[in-house]
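Student: I have a fold on my screen and some questions about it. Can we work through the sheet and then the rings?

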Amino acid sequence: MSYDIGVSSFNFLSRIVMELRDAIMPPMPTSMHVGSLLLNRFRLQKRRVSGSMSESWLAVDISEQSEVIISICRYSLSALGYTPEHFNTLGGRLISITHSNIINILGHGIYSDHPFFAMDYIDGLNFRDFLNLNNIINLLFLISVYVQIATSLMFLHSRGIIHADLKPD
């Protein structure tokens, strides 16, 4: 009995979800561009990924001379129903999180009423690209990945944090 599954149906469904998302998502702040400086520390270099909840940018931490990722929420604080104080409390809690399967948050702030996080940059393949390179994935491998994701989410939930933007990639 084989537990291998094809990736094509996964990719097809993901493309449909992404097309629907692109049709209804609100615009990002127009003032954000290459060279923008956030928190007087993170200089935007290149837009990477635009998703339903956020947009990711490659940036440089000018204080550490290292590459970081900036994830800025597509929705304004007011549209989310948050106050700056609530967001800053959440950001402070996220910075203190240490877990082997959770990326380090280096800073947080608000840009044109849009909350953002700065986090460590990890160079490599995302899960979607990994799946595309390996046309058949073993089910036991996928289960081990999902257990790691679930363990990370349980860790966050135990600290009162809900991840609102999980993606299949």
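Student: Which strands does helix α3 lie across, and at what angle does α3 run to β6?
Tutor: A caution to start: this is a predicted model. Helix α3 covers residues 84-95. It lies across β6 and β7, and the angle to β6 is about 170°.

Student: In what order do the six strands of the open sheet come?
Tutor: The pairing is antiparallel. The sheet is open, with the order β2-β3-β4-β5-β7-β6.

Student: Which strands stand at the edges?
Tutor: Look for strands with a single partner strand. Each such strand has one side without a neighbour in the sheet, because nothing pairs with it there. The edge strands are β2 (37-38) and β6 (105-111).

Student: How many residues of β6 are buried?
Tutor: β6 stands at an edge of the sheet. Even so, the strand is mostly covered. Of its seven residues, the buried ones number five.

Student: How many bridges join β6 to β7, and which residue of the hairpin takes a positive phi?
Tutor: These strands run antiparallel and are joined by six bridges. Within that pairing, Tyr-111 stands opposite His-114. The hairpin has two residues between the strands, and the positive phi, near 50°, belongs to Ser-112.

Student: At the other edge, how many bridges join β2 to β3, and which residue takes a positive phi in their hairpin?
Tutor: Two bridges join β2 to β3, residues 42-50. Leu-38 stands opposite Phe-42 there. Three residues lie between the strands, and a positive phi near 55° is taken by Leu-39.

Student: Which residue in β4 is the bridge partner of Arg-43, and what stands opposite that partner in β5?
Tutor: Start with β3 and β4, which pair in the antiparallel sense over seven bridges. The partner of Arg-43 in β4 is Val-60. Next, eight bridges join β4 (residues 54-61) to β5 (residues 66-73). Opposite Val-60 in β5 stands Glu-67.

Student: Now the rings. How many aromatic pairs are there, and why is the pair of Phe-87 and Phe-117 tilted?
Tutor: The count comes to three aromatic pairs. For Phe-87 and Phe-117, the ring centres are 5.2 Å apart. Their planes stand at 55°, so the pair is tilted.

Student: Which elements does the pair of Phe-87 and Phe-117 link, and are the two residues buried or exposed?
Tutor: Phe-87 is in helix α3 and Phe-117 is in strand β7. The pair links distant parts of the chain, 30 residues apart. As for cover, Phe-87 and Phe-117 are both buried.

Student: Is the pair of Phe-127 and Phe-130 stacked or edge-to-face?
Tutor: Both residues lie in helix α4 (residues 127-133), three residues apart, about one turn of the helix. Their ring centres are 6.4 Å apart. The planes are at 10°, and planes under 30 degrees apart count as stacked, so the pair is stacked.

Student: Which of these two is buried and which is partly exposed?
Tutor: The cut-off for buried is under 20% relative accessible area. Phe-127 has 18%, so Phe-127 is buried. At 29%, the partly exposed residue is Phe-130.

Student: Which residue do ring pairs link with Phe-127 and Phe-130 into a cluster?
Tutor: Ring pairs tie Phe-127 and Phe-130 into a cluster. The remaining member is Phe-141.

Student: Where does the charged end of Arg-159 sit?
Tutor: Look at the ring of Phe-155. The charged end of Arg-159 sits over that ring, and its distance from the ring centre is 3.7 Å.

Note on methods. Residues are numbered from 1 along each chain as its sequence is written. This is a predicted model: local features need pLDDT of at least 70, side-chain atom pairs count only at pLDDT 80 or more; totals for chains, interfaces and linings use all residues. Side-chain values use heavy atoms; hydrogens and water are left out. Two strands pair if DSSP finds at least two bridges between them. Helices (H or I, at least four residues) and strands (E, at least two) are DSSP runs, numbered from the N terminus. Contact means heavy atoms within 4.5 Å. Axes are lines fitted to C-alpha atoms, for helices over the stretch in contact, and angles run from 0 to 180 degrees between N-to-C directions. Buried means under 20% relative accessible area, exposed over 50%, partly exposed in between (1.4 Å probe, protein chains only). Rings of Phe, Tyr and Trp (its six-membered ring) pair if their centres lie within 6.5 Å; planes under 30 degrees apart count as stacked, over 60 as edge-to-face and the rest as tilted. A charge sits over a ring if NZ of Lys or CZ of Arg is within 6 Å of the ring centre and within 35 degrees of the ring normal.
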